[in-house]
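Q: Could we go through this model together, beginning with how the copies are arranged?
A: Certainly; here it is.

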Number of protein chains: 2
Amino acid sequence: MSRLIAAGDVEDLARGCALLGAGGGGDTSVGRLMMLQAIGDFGPVTLVGVDELDPDALVMPCGMVGAPTVATEKFESGDEGARLRQEVERLRGEPVACLMPAEIGGSNGLLPFVWAARLSLPVLDADGMGRAFPEIPQVAMHLAGISPSPAVMTDERGNVAVFRACSGAWLERLERATAVEFGGSAASTEYCMTAGEARRAAIHGSVTRALGIGKLRLGGEGNLVDELVIRAGGFILLFGKVADVERRTSGGFVRGSVVVEGTGSDAGRLLRLELQNENLVAFEGGELRACVPDLISVVDVETGDAISTERLRYGQRVAVLGLPCDPLWRTEGGLGLVGPRAFGYDLDYQPIEELVDADR
Amino acid sequence: MSRLIAAGDVEDLARGCALLGAGGGGDTSVGRLMMLQAIGDFGPVTLVGVDELDPDALVMPCGMVGAPTVATEKFESGDEGARLRQEVERLRGEPVACLMPAEIGGSNGLLPFVWAARLSLPVLDADGMGRAFPEIPQVAMHLAGISPSPAVMTDERGNVAVFRACSGAWLERLERATAVEFGGSAASTEYCMTAGEARRAAIHGSVTRALGIGKLRLGGEGNLVDELVIRAGGFILLFGKVADVERRTSGGFVRGSVVVEGTGSDAGRLLRLELQNENLVAFEGGELRACVPDLISVVDVETGDAISTERLRYGQRVAVLGLPCDPLWRTEGGLGLVGPRAFGYDLDYQPIEELVDADR
């Protein structure tokens, strides 16, 4: 059942996407301004379920690729979505019927709405990750055997690049190098598919989920985080203060680590997060507390707003949350693509709920 | 008037292309083996003049982009030309009628024959430079206003990249980054055009010229170099010995410098060449002796074979030759694209014949 996403939904969507971004997907502050502007100029966007689309209708997943640190300063021109669509239509010889966030996390959950408003296209209530992941082939469509090619990239200057890569890993290399050349970030589309394919290949209800999470507003201090955790179905790993941030932008990624020092009843504890665009793992005293593909999100204890990895800084008072990922990622294929080993960690995946239970 | 390029022509063409490469365009040793193999397997290649083609026929300039040091070790699969042609035909919606060397220098003068033999296509007796230059937009077609886009790149694995860049400089950046990602070199095509456009936009007779230069064989010692210089219409800058080579491969280019110490009647003189894939400038005691776009080629005094920049090494007994470039490059537009300042040298272009006269 389709519904309209209007200006009044932008704040909720942005807050939900920020939490589901697990620190990544790009800071939502610029994205929410762009979305408000686009809806103001072109009207609200229709959100559709996959069953409302003709099975042959072409779905275009899209978003930004690159380092979020860059994307907060290097703005789009606004025409990127139109160029992606034009190139996809030229290559496929058929019209794009609707857009879809490649990832629901961070500003990448908002950008498809910016472009959809400008193009008068609907957005599919789905995404490729149910969160944000750093690398391009880390999407449900990849597991479902959808081809990422032809992938299209563009920048704010009007450059267009098309890739037909011989593997997902090669696509990642080629797009990342091009994003770096574009200045560190770029707009892109991969894994275009029919609505029929999207039915089995995408993660559904993502936009609705983000809206639901984002609806929560500040009630009483502390309670807000509890509410968030209940609403998102997750766990609180630690209440504390950011004690150390080490972060660098290289090779089209943000990498680094963050130390959160426990406060209040968590005083004396130290949680260390390691990140590559997203928060990947959480360790405490050498013990694993949470790891990809489960979501690790850092939220401001006073506002409940999730803080993206590039905005973390010394002294912030935060809660570190752990949320279970989509069940797809806990399969053998899913863990092969986005489990700890896919990021170079020599450790087996353990579900967040088991790690939290063991801790009690 | 078309003629056939057969196995017996390969050696001549390779020698001529090596000299016209001004040190660049890729070492010809692998190229000549590939060309012999392709002609052996698929038969000789037809060389055509532009007047023999229908004015609407599509001409595909092609070659390798990247660092020659890499290309001597990273071989092609042989299918690159077919993939370039297939992608160009898909993008343009019309058949490729003939290939053309993007540059007549080095192995890039031979590769189009390798691909043409395999594809049963003719090769146009023309090129984009009349020599070799390091950067992609440094071609006559660029001056003539032909669009470089859509440019297509491919590698030996089967990856394909298509670029529609907003300028020649952006195309250079994007292709160079992709070539680096492919391992340092890649096959590519840019500035596809009709034969009618090629008539005014390309440099004609390049293949015939290379064959003529390459025909010269060892007569008496010393005389050979004199003959070469007469045949190519150039000058001998110095007879000597390679005394020092500083060379590095970075960012998809070979860069560095070479010192040649005079011997015999040139004893006591020192010539310093600076290079970026090609030999760019020659200095002696701080004085300019030759510079781009004129050709600076280093030849082995015993065989008369030109030595590419990546093959130069201490102790080689060489003659350094200077050859005037195509008149196109001496125009204001030409010098803007390929003059000394285009390579970062703060000096005005001086024609080789004037520099040699001043030296006498």
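**Symmetry and domains**

A: Chain B is superposed on chain A by a rotation of 180° with 0.0 Å of shift along its axis, at an RMSD of 0.0 Å; the fit is by least squares on the C-alpha atoms of residues with pLDDT of at least 70 in both copies. This is the relation of a two-fold axis.

Q: Which C-alpha of chain B is nearest the axis?
A: That of V162(B), at 2.4 Å from the axis.

Q: And what are the ground rules here?
A: This is a predicted model, in which local features need pLDDT of at least 70 and side-chain atom pairs count only at pLDDT 80 or more, while totals for chains, interfaces and linings use all residues. Residues are numbered from 1 along each chain as its sequence is written, and chains are lettered from A and ligands numbered from 1 in the order in which they are written.

Q: Why do the copies meet through the same surface?
A: Because 100% of the interface residues of chain B are also interface residues in chain A.

Q: Changing topic, how is chain A divided?
A: Into domain 1 (3-209) and domain 2 (219-359), with bounds from an automatic or database domain assignment. Their centres, taken over C-alpha atoms, are separated by 24 Å.

Q: How many residues are in contact between them?
A: In chain A, 30 residues of domain 1 are in contact with 29 of domain 2, contact meaning C-beta atoms, placed from the backbone, within 7 Å.

Q: Which element gives the largest share on the domain 1 side?
A: Helix 1 of chain A, with four residues; helices are DSSP runs (H or I, at least four residues), numbered from the N terminus.

Notes
Contact = placed C-beta atoms within 7 Å. Helix = DSSP H or I, 4+ residues; strand = E, 2+ residues; numbered from the N terminus.
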